Every structure is written in C-alpha cells, then in structure tokens.
Amino acid sequence: MGKKRFGISIDSKISAELNNIASSLNINRSKIVEMALQNYITEYKHLLSRHSCRGIIIIKNVNNISFDKILENYRNIIVNYIHSHMEDECVCIMFVSGDSEHINNLNKHLITCGCLTRYIPTHQNQSST
Ligand SMILES: [Zn+2]
Ligand SMILES: [Zn+2]
C-alpha cells in the first residue's frame, strides 16, 4: 500500500512531545503518528458493529472488588486471567474471546464497579461474518 501525505495542525505541546519521542526512539514522526492512528482505529472500529472479538482487558482494581462473581458470570468469554498485587495495587488482566457485545458488557460492568480498564482488541480486522 502507498503512502498518503496530508497536512495536519496539532497542539504545539503535543508536537514537542512527538519530537522528543521520535528522537529518543530514533523513529521518524510519520511512523509514530501512523502507529498511534492504527491503534486508535483498531480500538474504535471494534465498537462500531457486533462481531466475533478477541482481546485483553487490563484492569486496575481501585476499590479492591472481588472478581469471583464476575469470572463466574462471564466465564463463556473469559479465556484466562492473571491477578496480581504490585505494592498495594490490585491489577488484573483478562484474556477474552467471543461476542463483542458481551465483551463490552463485561468492560462496562468492571467500570461500574469502579475499576479503571483498558480494552485492547488483538484481532486486526473485524470479521463481517
Ligand atoms: Zn473486536
Ligand atoms: Zn487483588
């Protein structure tokens, strides 16, 4: 696939940070913007339509809730999980696979319980089947 060139305007602070990252990682700015956009598109495309989805949910368990019931209720989509305590922080990673709406429900459930979550789909393109 070819490259497309276009001009954009961004906040000067963000631009300075981009320059810093580019020089410390020794990667050109276009590549960094391309990678950032790719991640952004992958995460948002996932919300657009119902599909068969795979990914990981990173959870910071701020209120120290028990995951037992959640693991039980969503066992059809939770493939595996890691639960770890670092210093006084409770952190959990759930590996999920299944209907994207069920995964979104699980994510919303965790947020409702006060957890901070980040969902990262691991599939590249959503299948339209
Ligand atoms: Zn997805
Ligand atoms: Zn814990």
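Right after helix α1 in this predicted model, Asn 26 adopts a positive phi of about 60°. The helix before it, α1, takes in residues 12–25, and its 14 residues reach 20 Å from the first C-alpha to the last, close to the 20 Å expected at 1.5 Å a residue. There isn't much packed around α1, though: it is hardly covered, and the count of buried residues among its 14 residues is zero.

Helix α4 (residues 100–112) makes a good counterpart to look at. With 13 residues at 1.5 Å a residue, α4 should span 18 Å, and its end C-alpha atoms do turn out to be 18 Å apart. Its buried residues are Ser 100, Ile 103, Leu 106 and Leu 110. Looking down the axis of α4, these buried residues fall within an arc of 120°, so they line one face of the helix. What do the buried residues of α4 pack against? Their partners are α2 (29–48), β1 (52–60), β3 (89–99) and β4. Glu 101, Lys 108 and Thr 112 are exposed and sit on the face of α4 turned away from its buried side. Just past the end of α4 comes another positive phi, this one of about 95° at Gly 114.

Further along, Thr 122 lies in the segment after β4 (116–121). Is Thr 122 buried or exposed? It counts as exposed, because just 12 other C-beta atoms lie within 10 Å, and a residue is exposed at 12 or fewer. Setting aside neighbours within four places in sequence, Thr 122 still has contacts, namely with Arg 54, Gly 55 and Ile 56. Ile 21, by comparison, is 101 residues from Thr 122 in sequence and 24 Å from it in space, C-alpha to C-alpha.

Stepping back to the whole chain, there are four helices and four strands. From the N terminus on, they run in the order α-α-β-α-β-β-α-β. The radius of gyration is 18 Å, well over the 14 Å that the globule rule gives for 129 residues, so the chain is more spread out than a compact globule. Along the principal axes, the C-alpha atoms fill a box of roughly 50 × 45 × 20 Å. Of the 129 residues, 12% count as buried.

The domain assignment splits the chain into domain 1 (12–46) and domain 2 (50–121), and the centres of these two domains, taken over C-alpha atoms, are 27 Å apart. As for contacts between residues at least 6 apart in sequence, 67% of them join residues at least 24 apart.

Terms used. Residues numbered from 1 in each chain as written. Chains lettered and ligands numbered in written order. Predicted model: local features only at pLDDT ≥ 70, side-chain atom pairs only at ≥ 80, totals over all residues. Helix = DSSP H or I, 4+ residues; strand = E, 2+ residues; numbered from the N terminus. Buried ≥ 20, exposed ≤ 12 C-beta atoms within 10 Å, placed from the backbone. Contact = placed C-beta atoms within 7 Å. Expected span 1.5 Å × (residues − 1). Arc of directions from axis to C-beta. Domains from an automatic or database assignment. Rg over C-alpha atoms; globule rule 2.2 N^0.38 Å.
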